[in-house]
Structures are given as C-alpha cells and as structure tokens.
Amino acid sequence: MAACSIEDVLAKAEKDEAEKLKSITVHKELDLEFDLGNLFAFDKNPPDTREFRQKNKEDFLCSLARDNTQLLINEIWKLPTERVDEVIVAKLPEPTTRLPREKPAPKPRPPTKWEEFAKLKGIQKKKKTNLVWDDVHKEWRRRWGYKRANDDTKEWLIEVPESVDPNEDQFAKRIKAKKERVAKNELNRLRNIARAQKIKVPGVGLAPTPTDQPSKSELGKAVQVAKVSTASVGKFQDRLPKEKAPKNTGKKRKFQPLIGDFSTEKQKQLDILKVMDSKKPRLDITKAVNKQMREEDMESGSKRKKGSGKKRRKGNFSGKKGKGFGSTAKSGKNRKPRMKQGKR
Amino acid sequence: MTQLDGVVKPKTKRSKRFLQSREPKLIENVKNAMLIKGGNTSETVTQALKDIYALKKPNAVLYKKKNITRPFEDQTSLEFFSKKSDCSLFLFGSHNKKRPNNLIFGRMFDFHVLDMIELGIEKFTSLKEIKRSTCPEGTKPLLVFAGEAFDMDNEYKRLRSILTDFFRGPTVPSVRLAGLEHLLHFTALEGKIYMRSYKVLLKKSGCRTPRIELEEMGPSFDFVMRRTHLASDDLYKTAHRQPKALKPKKKKNISHDAFGTKFGRLHMQKQDLEKLQTRRPDLRTK
C-alpha cells in the first residue's frame with residue numbers, strides 16, 4: 001500500500017510539473033532564431049494563412065506574437081542572472097546579428113613631419129617636470145602658462161646687445177619674434193594636415209607654404225606675381241640688371257604697328273573685300289568638321305535604336321545647314337575685321 | 001590654406017568635446033534616428049512620425065517642419081541633415097496621390113545613404129488611440145520577426161536588418177528582467193508587413209520563467225512595400241567591415257577537438273618535496 005502511494009505521489013508530481021510547464025511551453029515546427037544581445041527573435045515558420053483569414057486579424061497576430069515572445073522570454077530567463085541594487089539583472093551576450101557600422105573605423109593619425117624625423121633619428125620623448133625653480137621669486141613655479149617660472153615677457157628691463165642698433169625697441173622685437181614663432185607653428189600644423197590628407201597646397205606664385213625646394217620656373221612666377229602686386233600694377237618696379245622678360249604672361253590683345261608694312265595691310269583689306277563680295281559662303285572648316293562628326297554620331301545612335309528614325313533626322317539637318325551657313329557668313333565673319341578697323 | 005575642407009580646429013574645450021563625440025570610434029555611439037516630415041504629409045503620416053518618435057525618444061530627432069525633398073530622387077539634403085544632426089537612421093514621411101501615406105525607412109553609412117525601403121501605410125492605429133497601457137520612455141524593446149518572407153526574399157531580409165537597426169536601441173551588457181515591457185512584432189504575411197507594438201505582462205506560471213500575456217499598446221501599422229534602394233554588395237560589405245582591433249584575438253597553442261575539449265600544454269615548476277605536507281613531518285628528516 002505504501003509503495004502504491006509513493007507511485008501515486010510521483011505521478012501526481014510529474015503531472016503538476018507538466019501542467020506548470022504547459023503554460024510556458026510553445027510548440028513550433030522550426031526552432032526560432034535568437035539574438036539575445038539585441039533581444040531579437042526570428043520565427044521562420046510560415047504563419048497559418050487560412051487561420052489568418054478566418055479568424056479576427058488582430059487576435060491572430062496577437063496570439064502569434066504571444067507565442068514567439070514566450071519563446072524569447074524563456075530563452076532570456078535561461079541567461080545567468082545577478083542581483084544589482086535589489087534588482088535582478090540578466091547578463092546579455094554580445095549581439096550576433098551583424099549590422100552595418102555608422103561610420104568607417106577610425107584611422108590612426110598619420111605622423112607629423114617631426115614625428116617621422118624623430119623616429120628616423122631615434123629621438124624619444126622626454127618627460128619634463130611640471131614645476132621649475134624660479135630664481136627671481138624664490139619658489140617653484142609651473143614651467144608653462146600663466147605665472148610661469150622665468151617668464152621673459154614680464155621683464156621690465158632688457159639689456160641692449162652691443163651688436164644691434166641702440167635705437168631698436170627690444171621689447172617690440174621680442175613680441176614680434178614670438179608672434180612669428182606662433183605663426184610658423186600654425187603653418188607647420190596646417191602643412192602636416194595637408195600632407196596627411198595628400199592635398200596639393202594651392203597658391204599663386206610663392207604660396208604661403210612653398211615646397212621645400214621650389215623650382216626655377218616656380219620662383220620666376222613668384223617674382224612676377226610679386227612685382228605686379230603693387231598699387232600701380234608693377235608699372236614703376238625696377239628691373240634687375242640681367243632680368244629677362246617673363247614668358248607666357250598672357251598678353252591678351254595684339255595689334256599691328258600703326259605705320260610700317262603697307263603691302264600686308266593692303267592684302268588684308270583685299271581679302272576681306274573678296275570674302276564680302278563673293279556669293280558663296282565661306283567654309284568654316286572646324287565648324288563643318290564638327291557638324292559632320294555630330295551627324296555621324298547621330299546616325300550611329302539612331303541605327304542602334306531604330307532604323308526608322310534615321311531618315312527624318314537627316315532631312316532636318318540638311319535644312320538647317322543652309323540657313324546656318326548663310327547667316328554665319330554675313331554676321332560672324334564680317335564683324336571681326338570691322339572692329340579692327342575701328343581700333344585704328 | 002586656411003580653408004582646408006573637413007579640418008576644424010576646435011577653439012574651446014567644449015567644442016573639442018563636441019567634435020570628439022562625433023568622431024568615428026571603434027565602439028560606436030548608439031545610432032540616432034531622424035524623423036523627417038516631407039513636403040506634404042497627411043495626418044496619418046504626421047501622427048505616425050510622432051508615435052515612432054515617442055518609441056525612439058532619447059535617440060531621435062524629429063524634423064517637424066516641411067522638408068521638400070524626395071529621398072529616392074535626390075539624397076543630398078538627407079545627407080546634409082544626417083551630418084548636421086549626426087544621425088545615421090532616418091524615417092521620411094510623405095503623402096501624395098501616387099504614393100499615399102508613405103514612410104521611408106533608411107540608414108546611412110559615412111553620411112551617405114546605404115539603403116532605404118519605402119513602406120506605404122495601409123492601416124494605422126496611433127499610440128493615442130489605445131489608452132490602456134504605456135511604457136516608460138527609452139525602454140529597450142523585444143524585437144520579434146515572423147514569416148518566412150523575412151528569410152527568403154532579399155528585400156525583406158534587408159528590411160528586417162533595417163528595422164532591427166532602427167528599433168533595437170543601445171547595446172547593453174545586461175538587462176533588468178522586470179523591465180522587459182515592450183514588444184515590437186513584425187509579421188510578413190500575404191505581401192503585407194504587420195507591425196504591432198505590445199506591452200508585455202509577466203504573469204506567474206508556477207515556475208521560474210513567467211507566462212507572457214500581451215496587451216496592445218500602439219502604434220500599429222499595416223505596411224505594403226513600395227520602392228527600395230539597396231546598397232551595392234560592395235558598399236554593404238564595407239559598411240559591415242569590423243575593425244581589426246575589435247576582432248577577437250586568436251590564442252596560440254590552444255586547440256579544441258570535436259567534442260569541444262580544450263587542449264594545451266601546461267608548464268609546471270618542479271615540486272618542492274621539502275615543503276610537502278605529510279602526516280608526520282618528523283619522519284622525513286630522519
């Protein structure tokens with residue numbers, strides 16, 4: 001009897017357990033995919049379309065969602081937990097779904113010119129102490145910045161060296177030197193950036209950052225630009241004894257001399273009259289060649305598309321041709337010589 | 001020389017910090033989303049944008065004014081907005097006769113559009129309409145996708161990736177179990193995508209794992225897919241590239257067999273027998 005009761009108890013316990021689990025178990029054909037790092041689940045099973053049509057749509061979706069969520073929650077509850085500030089917290093694994101990055105990965109900063117040089121020479125950075133003994137104030141002071149030790153900007157008297165002009169303002173000289181150092185440093189910084197980004201530094205003539213060894217032509221250009229950059233556009237600038245006139249400066253208009261070779265002038269006038277007199281339009285070779293090329297292009301294009309469109313286009317073109325030529329001969333060609341005459 | 005593009009030297013510490021927060025990083029910031037209202041929007045679209053903004057809130061920007069752009073035709077203004085507000089996810093809402101109630105989900109890589117998918121709203125229930133239950137702002141949602149289309153179809157696959165990216169929120173090392181309150185469920189069924197948002201109720205089940213009950217919370221959408229713009233494979237691959245520093249380092253001289261047993265060689269020092277604890281130490285000295 002005792003044995004029987006034990007069996008009963010066991011069976012009952014088993015049943016209870018099963019019933020308990022019943023409320024949280026969900027059966028699916030295919031297992032779900034989980035990515036617990038993102039609290040993500042993916043149910044590959046095709047939803048039952050027949051049921052979807054028959055049943056209330058919302059109820060169907062809700063029950064589907066419930067089942068899937070139950071599975072996801074079951075999975076999350078299996079994770080190791082710990083207690084933080086009276087709250088039970090589950091440790092999430094790393095997300096497994098690969099998602100695109102927002103920005104490309106950072107690149108290491110390219111070394112500056114100095115860093116390159118230092119590496120080549122094996123120069124290593126030395127740590128300097130922050131505090132330095134100040135002899136004047138008899139105390140330890142910071143090496144840099146406000147209230148620094150041995151501050152040479154705060155001196156009220158500077159000895160004038162023997163070699164320099166006694167009237168020169170030594171204070172102003174110091175300030176100017178400092179400003180120049182700062183400017184140079186800034187320039188170098190920008191140059192380093194430009195070098196890192198592989199930008200060719202633009203500039204007219206001698207750019208603010210010349211290349212290390214400017215070529216002869218570059219220097220010549222720079223000299224030319226500098227000369228012209230005056231209020232009177234370089235009109236009163238002196239020349240060096242053996243300086244040559246610059247090449248390719250870009251003279252815009254050229255005129256014939258006023259008095260001189262009469263025969264060429266006569267020939268020119270006659271040519272103009274000849275063109276004006278002739279009934280035939282003058283042939284502009286470049287224009288004609290361009291037209292011909294375009295025509296061929298169009299033809300080949302239309303051939304590729306359709307055979308039919310070809311004929312009409314060609315006809316159109318020939319009509320334009322006559323018109324265009326006549327007009328160019330009258331207005332375009334006559335204008336040029338007339339202007340020249342006026343200038344004279 | 002002074003106008004070097006893309007090189008800005010911060011003048012104050014504060015601006016330096018700001019610029020640093022936007023720099024590309026090894027472990028990236030949480031992706032921000034910008035919700036952009038198009039040139040013309042219907043009430044549905046406006047409300048939908050507002051509701052999604054409410055779901056995304058700490059990591060989102062809502063552009064409430066009209067923005068007359070068409071992302072599928074010209075992406076420059078989107079790219080500009082993305083750069084301005086440092087957002088790599090976007091949702092663009094518009095409404096016109098040809099494409100009524102239109103939402104475009106998309107994401108950027110390096111401030112250029114990576115992929116975007118246009119979804120038309122067929123049916124929409126707002127967050128306001130269902131007043132029963134709400135979630136605290138910034139709750140990390142459970143994301144569940146259902147339907148074989150999300151696995152088979154290329155565009156649906158990409159949509160799944162975009163939606164996961166859009167709604168997943170920050171990556172966290174751990175999560176409060178009682179705080180799993182919000183569920184976003186996407187179902188692909190008969191050519192439509194049903195997005196439902198539920199509040200999760202954890203009920204006692206008698207064992208450790210709770211039983212789940214759901215309560216509809218809103219917003220809920222019935223979407224149809226319209227135009228898509230997917231990134232080329234090349235760009236997609238570049239966007240997924242993991243930096244070298246983040247890849248797990250391979251450990252030397254350790255191997256595993258088929259059953260997952262770990263093999264390695266141990267190097268031990270010679271045991272000092274003098275210090276050996278025996279039951280009767282005096283015996284050793286004799």
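So, A:Val89 stands opposite B:Arg176, and that arginine sits in S7 of chain B. This is a predicted model, by the way. The strand pairing here crosses between the chains: S4 of chain A and S7 of chain B, residues 174-176, pair in the antiparallel sense, over three bridges.

Okay, stepping back to the whole interface. We have 62 residues of chain A in contact with 74 residues of chain B. The area buried between the two comes to about 6200 Å², and carbon and sulfur atoms give 64% of that. Who loses the most area on the chain A side? That would be A:Trp77, A:Arg101 and A:Glu102, which together make up 15% of what that side buries.

Now the polar part. Between chain A and chain B there are seven salt bridges. Let me pick out one pair: A:Lys57 and B:Asp222 meet through their side chains, with N to O at 3.2 Å. There are also 30 residue pairs in polar contact across this interface, both partners at pLDDT 80 or more.

And which elements of chain A give two or more residues to the side touching chain B? Going along the chain, you've got helix H1 (2-22), strand S2 (40-43), helix H2 (49-54), helix H3 (57-77), strand S4 (87-91) and helix H5 (170-197). H3 of chain A brings the largest share, 16 residues. As for the make-up of that side of chain A, its residues split into 34 nonpolar, 12 polar and 16 charged.

How values were computed:
Residues numbered from 1 in each chain as written. Chains lettered and ligands numbered in written order. Predicted model: local features only at pLDDT ≥ 70, side-chain atom pairs only at ≥ 80, totals over all residues. Heavy atoms only, no water. Contact = heavy atoms within 4.5 Å. Buried area = accessible area lost by both parts, 1.4 Å probe. Salt bridge = Lys/Arg side-chain N within 4 Å of Asp/Glu carboxyl O. Polar contact = N/O pair within 3.5 Å; in protein donor to acceptor, adjacent residues only side chain to side chain. Helix = DSSP H or I, 4+ residues; strand = E, 2+ residues; numbered from the N terminus. Nonpolar A, V, L, I, M, F, W, Y, C, P; charged D, E, K, R; others polar. Pairing = 2+ DSSP bridges.
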